[in-house]
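Reader: I am new to reading protein models and would like a close look at one part. Please take me through how some helices pack together, and then through a few residues elsewhere.

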Amino acid sequence: MNFGRKDPVTPRTPRTLARNTKSLYADDADGLDRDVLNRKRLATQLGRAVRDLAEETESAVVGLVGPWGAGKSSLLGQIEKDLAEHDWYIGRHNPWAYSDLAGSAAGFFASLRDAVPEDVLGKEWRAVVGEWVSKAAPLGAAGGVAGVDGSGAIGAVGAVITGDRSPARLRETAAEGLTKIDHPVLMVLDDLDRLAPDELLYTFKLVRLLGRLPNVYYLLAYDEATLTDLLESTDLVGEGTGRAQQYLEKIIQVRLEIPPMLPEQQAALANAAIDEICARRGITLSAGTNRRIQQIWQDCLSTYLDQPRSVKRLFTQVDATWPDVAGEVDFSDFVAITFLRVFERPTLDLVVDHRAEILQQASAFSFGIRQESPQDRWARWKQRIADAGPRHPGAIEALLAHLFISIRGAREGQTYAGSSYQDDVTQRMGVGTSEHFDRYVQVGVPESDLPESTVRAAADELRAGEYGDALAELVRRMGQDAAPGLRKLRREHLSSPLPASTTLPLLNSLYLPAMDQKSGPLGLSPNFSIIGLAMDVLDKTETATATTLVEQMARSDAAGLALAADCVRMAFKDSDTPRPWAAGAKTPVAAALDDGIRAFASQPARSHPRLLSYLYDHLHLAEPANTRELLWEAIDSGAWELREVLGLMIPLGQASNGEATWTSMGDFSESTIEDLLGVDAVLARIPEQPDLLERHDPNDYFDRRVDDDDLGARIEYALIGLERVRARRRKETETADAEPTPTPDEGEQLGSDT
């Protein structure tokens, strides 16, 4: 991955990381295989500054200043290494590791004592240091530190040494010993910015009053802004007095600052992190993924990831959580959402709370939002983002616009029309679609979601002609909800064609059950997706083979007949020049429909809830007169009751008020009755029922809500429609009869005017 360049990226070959290899999880400045921040050079420069200082003064306090996450601790380690190579003695004290001031004091002097080898100063000097600590430090400070205990070495020394044993004299004696050592001592104090105010003041007291000894130098690492805030919270300094900086200047003689990362160093560190993740997880980034990562880096991430720790903080989280969604989400979008989760959780909560609007789920839109201009929508979203309180609102606005087309349109003051963008997001499993959104905000793929891995494995089994566990699981899941599986299976087919010989039987088995699945008021029934996939598969099959497979499917069973007929009919409907396989299959499928409908006549019409679909297919694939003849034959024979047939001609669909969804009857279609039966023939056989019109005034609302199996309501609705047709025709006849017959002159005048 290359944030700073536009040239193509060649992904690394996945490798196995050794346990001792630097990595994202290592506790150093960058923690990666290469020193992308050039910290070794910086450590050498800082180490030389400390050495030069030692040439000028016998003791000094140096501050290593840098914000949290700048890599102070790891840089300290490199400075220690550099000075050790120049024969310095190194002592390290971390006051944050102690639970009280007494323990911290003991630890401080124990670290100083232990920094100098025993054979350099001897046990007697170490004992003097111990006694000095026991008298100068608070009561109990020396407890628990070997060699600094009144019952140990100090007692022994006291028996043989006479003279002044005051803290001042003891300090002087300790200092005399240190002037004789062959090398200087560096005492390193880290994590000062993590201390409580009283702990910080006490640590400074140790350094300033007790620790200023010859040949002893101190390197204190801290975040200056945090230390200033801590000092201002004490009674000694006070808030807003300006004394905090003066106090630090009194303690610190030399200030060494960690320079901020250069933009190219930021990018290099992030690149190294992504390279490691890709190598560890076997990820190959496409050119499109690279471009999207570069965009979110430029728009947002580079603003936030300004310290080594912040880079590691993000990408260790990406690495740790990626296995749960590997192959199920887009890597660039996953990095972006993980960033929000780690750095701006309130913004992620905002996205989740308003997911319906962001994902443009129509059922959740209010009328007001639909009528809202892009400019007004952006003003509303800009305020929402500001209310979430991000550190850098502009960067977050740009990131959300990158992830969600609805926010981008509002931000740019326009409405994006068409589905090409959403198709692209869906294809790459991006966060901006309702199909994949939950995978980013939940832990892994939700239980209710159909993993892409399952569909891929099922597609491979279809290609191999096998019925394995993956295909069985796919069939089970699509039996509950076919739409998601069909969308994913179609994407698999577009990626690598599925064979018709195994795919058509699968779709055949799903076709009739899928018609019963509800898809919402604005969605297509899953059977339309089945037809589309079946036609796509047939298009990729050799023509003669495809034609034969369609004919075989039409003769297999009722579901196969329905699917074959619908595919052929749609093939003719979609184009003036039908697909070759459809042209060859039209006549055989029409014949199969003829036989199938005759076979259906052995049972009442109400037992065939999808009768209208078969009749429509027959109407389009055979001669229209043949369809009428076939249908009246079944009615006249008494096999089917005319009223039931009329009721079945009232379609069912899904309606919604935004809160609930229900089954609703579609419109009464006079043209459908005319095509299949002939309106005149039907009116001649259905007695007049004027009471229907009296009970159902045309101006009154007619509740079309109905149970799926309530054929009686559909029959009543069809009869009402027929009565209205009858009433209209009667009125038209009465109007025509009431008009006067024009005289020849009037007729000539009308003719001349015309």
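Author: What follows starts with the whole chain, turns to the packing around one helix, and ends with single residues.

The model is predicted. The protein has 37 helices and seven strands. Of its 754 residues, 49% are buried. Among contacts with a separation of 6 or more, 74% are between residues 24 or more positions apart.

The part to look at closely is helix 24, which covers residues 482-495. Two of its packing partners are described here, helix 23 and helix 26.

Take helix 23 to begin with, residues 469-480. The axes of helix 23 and helix 24 are 6 Å apart, and the angle between the two is about 130 degrees. Helix 23 is therefore oblique to helix 24, because an angle between 115 and 145 degrees falls outside the ranges for perpendicular and antiparallel. On the side of helix 23, the contact is made by Leu474, Met478 and Gln480. On the side of helix 24, the residues are Ala482, Gly485, Leu486 and Leu489. Sorted by type, the residues of this contact are five nonpolar, two polar and no charged.

Now turn to helix 26, residues 526-539. Its axis comes within 9 Å of the axis of helix 24, and the two cross at roughly 15 degrees. Helix 24 is therefore roughly parallel to helix 26, because angles under 35 degrees count as roughly parallel. The crossing of helix 24 with helix 26 is left-handed. Helix 24 brings Ala482, Ala483, Leu486, Leu489, Arg490 and His493 to this contact. Helix 26 meets them with Pro526, Ser529, Ile530, Leu533, Asp536 and Val537. These residues divide into eight nonpolar, two polar and two charged. Arg490 and Asp536 are among the residues listed for this contact.

Ala482, Leu486 and Leu489 appear in the contact with helix 23 and also in the contact with helix 26.

Next come some single residues. Gly444 lies in the loop between helix 21 (437-441) and helix 22 (452-464). Its relative accessible area is 7%, so Gly444 is buried, since buried means under 20%. Leaving out residues up to four places away in sequence, Gly444 touches Asp324, Val325, Asp438 and Arg439. The C-alpha atoms of Gly444 and Trp322 are 8.5 Å apart, although 122 residues separate the two in sequence.

Glu397 sits in helix 18, residues 393-403. With 8% relative accessibility, Glu397 counts as buried. Apart from neighbours within four places in sequence, Glu397 is in contact with Trp378, Lys382, Ile385 and Arg411.

Gly721 belongs to helix 36, residues 711-738. Gly721 has a relative accessible area of 9% and is therefore buried. From the C-alpha atom of Gly721 to that of Leu693, 28 residues away along the chain, the distance is 9.2 Å.

Two cysteines complete the list. Cys278 is at 9% relative accessibility and so counts as buried. Cys300 is at 0% and so counts as buried too. The count of disulfides in the model is zero, where a disulfide would need a pair of cysteine sulfur atoms within 2.5 Å.

Definitions and conventions
Residues numbered from 1 in each chain as written. Predicted model: local features only at pLDDT ≥ 70, side-chain atom pairs only at ≥ 80, totals over all residues. Heavy atoms only, no water. Buried < 20%, exposed > 50% of the residue type's maximum accessible area, 1.4 Å probe, protein only. Axes fitted to C-alpha atoms, helices over the stretch in contact; angles between N-to-C directions. Helix = DSSP H or I, 4+ residues; strand = E, 2+ residues; numbered from the N terminus. Parallel < 35°, antiparallel > 145°, perpendicular 65-115°, else oblique. Left-handed = near helix turned anticlockwise from the far one by under 90°. Contact = heavy atoms within 4.5 Å. Nonpolar A, V, L, I, M, F, W, Y, C, P; charged D, E, K, R; others polar.
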